[in-house]
Structures are given as C-alpha cells and as structure tokens.
Amino acid sequence: MSDQLFKVTIDNITVEVAPGTSILQAARQIGGEVAPPAMCFYSKLKGSGGKCRTCLVEVSKGSEKDPRPMPKLVASCRTTVMDGMEVKNITSQRVIEARAGVVEFLLLNHPLDCPICDQAGECHLQDLGYEHGKAGTRYEFQRRTFHKVDLGDKIQLHMTRCILCYRCVFTADQLTDSREHGVLDRGDHAQIATFIEKNLDNEFIGNVIDVCPVGALTDKTFRFKNRVWFTKPVDAHRDCPTCCGEVQLWMRGDEVFRVTARKDEWGEITESSKGSTGWICNTCRFDKKHISDWTIEGPTKISRHSVISQGHYVNTVKPAETIERVMDGRKPRLFMDIHKVSEVNKPAIELSLINGPATSDTFNANKND
Ligand code: SF4
Ligand code: FES
C-alpha cells in the first residue's frame, strides 16, 4: 500500500520504495546513471555488499523527521532509505571525486592486462575505470603478484585481478553444501584461496565465474579461445535434471564457445522461468558445447552500449559498395574461402571443443588429416 512506502529522492528524481530497501536498490528502480556502480553487492547473495566502496553516495537530507545531512559519504548498497531522504549520486562532486579515488585504489595492484584477459568486454572493473577512473596512475611501487591457481579442472584463479569483493565466497557458501574457499590473510596479503589446495568440487561451483565482476575467475573451457565481442549470445534451454537449464550460449558460427547463466542489466544472474535465481550446473556450463544439446530461443538482447553488441547485426543498413566504382569496374575479391588458399587452419578442428587455447600443436598434430 502506498502509505507504507518511503519517498526517496535521488539525483532530483523521486521514487517510492518499501521500507528496508537500500539506496542502491531504490536508485536501480530509477535506472540509468542514477544507479551507482556496484562491484561487490549482488542482490542474489545474502550478506554481499559493503566491501568495495564504489557505490558511495552523498545523503544531503537524512529524512523528513531528521533532515540533517549525513556527514560522510555512505555505501548505498548497505544504507537503507528513510522517508523523505534526499541522495546525490552523479549530481555530487564529492561522490565523483571519491569514486575516482576508489577506482585508483582498486587498480593499485591490478595488472591492467585487459588485452589478454578473457573478461575484457564484459568486465565491470573495465567499465568502472572507463567511466569513473582517472587516466593516469600515481602508483610507483612494484605490483602485488600471485601464481595462477587451478580451482578444480574447469576454473582458473588469477589472483592479480581479484578485487576481494567476496561474491565468489558467498556463492560457494550459499549454493553448495560446504564452504570450500575463502579469503585468507589480511590487508596487502589477502587472497582468495582453497585452503591446502582443496579443489572446488561441486556441481554448482561454476557460478563463481558468473558472479566475479572481473577476470579473476575464468572458465578453462573458454580461456583464450575468443574475444567475447566476436561471439554472439543466444538464449537457449535444455531439460536439465540438476538446474533450471536456462542459459546463454556464446556462439561463433555454429560453434558453442561458452555457456553462461543469463544476466540482467546490472550484470546479475536473472530469475529463471520457475521463479528462482537462474544458477546453472557445471554439466550445462562446461559439458554441453554442442548446438544439438540445446533448444535455441533466439538472440539475447544486448545493450547497444556494450561492446558485445558490435557483433549483433540487427536492422543494419549496409553502406553502398564503392570498391567497384573506384576500381574502374573491377570486382573486389574480398570474400574467399580461406581454406582454398591456405592450409594453415584445418576446418575440421573445432576450436570450441579442443582442450584449452589453440596452439601450433593443435594443427600440427593433425597434419595428416
Ligand atoms: S575472485 Fe572475483 S568474485 Fe572472488 S573475490 Fe575476487 S573479484 Fe570477487
Ligand atoms: S557495491 Fe556497495 S560497497 Fe561494493
């Protein structure tokens, strides 16, 4: 009922929300740039939020009853709204400066290896750095380094990229029967680890890849096989006895390179058609890489601001072909079958199915094919 709702004004836009709603969730109801970025909060994980400070906002009026402003910026994911509260996000210079400082902190030890990182193109830290960060760094010391660790045979951890958001820890805690990994040590030494090399061996553990906002946890069946913006996401489902079976296939041609859960505009896993969170099992994620395993529903809707939408040719108007005109009527030979002129690549080798990234061995081993 409307008399039970609280009125909150964020960046001069007023919404009515239920008591107990966080400022961040209220801002998401407005949407667009009014919603602060969130690197650690994940609405589907209990207890998440409060770690990264990217969602800081200024509360310029506490409530109708106590209109005093809050003296410090607050984490919007962990602060609940009060009736009559007024909040500034992008309209506050203090917030913009503080957020740039938070980005600088998050990137202090980051290797900035986007060109070789599988998460590039769908990385929240990349977006955050681009939208809220500064162009230069003032950091002069050697960056923290770690060895890459295999967490089981399908997931690899690059601790150098981790921002310690705890999402994967909460996922493992809340989705699986026993907690298998966590944050070890403190401060500069803090790291995500499976104590005594214990593998993350659980049918739902692959979801840690989907919740990781950066490229710290990657899918070993997809690593280095393709850039995400070259693949096309397609909604598909299968009758899975373990999970909801509703996924996104990341395809190139007819090959399925990667399977992930479906995500919403905030990068969070959506609800399945059965009403629960659409977590998917390891079998769907890692083992079902044939198009025949799935019932295709259609192309996933991608925000036109995403680099991934670059590969989506919907309603395109092709520019007029000019080559023939400028080449005195000679036809361009732009479309040829590479296999007719080169033996370097073998069309029979399906890159989505080989184990790991393709190397020269992949092709040389099949020399006599
Ligand atoms: S590995 Fe990813 S999900 Fe886990 S704490 Fe680090 S950044 Fe967060
Ligand atoms: S999203 Fe609020 S502190 Fe990380």
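How many nonpolar, polar and charged residues make up the shell around ligand 1? In this predicted model, the shell holds 13 nonpolar residues, no polar ones and 1 charged residue. In total, 14 residues surround the ligand. Cys-162, Cys-165, Cys-168, Cys-212 and Ala-216 are the closest of them.

Two of these cysteines recur in the packing of the chain. Cys-168 and Cys-212 are among the residues that touch the most other members of the largest nonpolar core. Cys-55, Ile-163, Val-208 and Leu-217 complete that group. The core has 52 residues. Domain 1 (2–104) and domain 2 (139–219) each contribute at least three residues to this core. A separate core of 20 residues lies apart from it. Its members include Cys-243, Leu-249, Trp-250 and Phe-257. In soluble globular proteins, nonpolar side chains tend to be buried together. Around Cys-212, contacts beyond four places in sequence are made with Arg-167, Cys-168 and Leu-217. Cys-212 thus links to Cys-168 by direct contact, and both cysteines are among the closest residues to ligand 1.

The protein chain as a whole contains 9 helices and 14 strands. Its C-alpha trace spans about 80 × 60 × 50 Å along the principal axes. Of its 369 residues, 34% are buried. Contacts between residues at least 6 apart in sequence were also examined. Of these, 61% join residues at least 24 apart.

Four domains divide the chain: domain 1 (2–104), domain 2 (139–219), domain 3 (228–311) and domain 4 (327–369). The centres of domain 1 and domain 2, taken over C-alpha atoms, are separated by 28 Å. Their contact involves 9 residues from domain 1 and 10 residues from domain 2. On the domain 1 side, 5 residues are nonpolar, 2 are polar and 2 are charged.

Strand pairing was examined around E11. Strand E11 (residues 232–237) runs antiparallel to strand E12 (residues 246–252), and 6 bridges join the two. Within this pair, Lys-232 stands opposite Met-251 of E12. E11 also pairs with strand E14 (residues 295–299). That pairing is antiparallel as well and has 4 bridges. Here Val-234 has Pro-299 in E14 as its bridge partner. E11 therefore pairs with both E12 and E14, since two strands pair if DSSP finds at least two bridges between them.

Conventions:
Residues are numbered from 1 along each chain as its sequence is written. Chains are lettered from A and ligands numbered from 1 in the order in which they are written. This is a predicted model: local features need pLDDT of at least 70, side-chain atom pairs count only at pLDDT 80 or more; totals for chains, interfaces and linings use all residues. A residue is near a molecule or strand if its C-beta atom, placed from the backbone, lies within 6 Å of it. Ala, Val, Leu, Ile, Met, Phe, Trp, Tyr, Cys and Pro count as nonpolar, Asp, Glu, Lys and Arg as charged, and the others, Gly among them, as polar. A residue is buried if 20 or more other C-beta atoms lie within 10 Å of its own, exposed if 12 or fewer, and partly exposed in between; C-beta atoms are placed from the backbone. Two residues are in contact if their C-beta atoms, placed from the backbone, lie within 7 Å. A nonpolar core is a set of buried Ala, Val, Leu, Ile, Met, Phe, Trp, Tyr and Cys residues joined through C-beta atoms within 7 Å. Domain bounds come from an automatic or database domain assignment.
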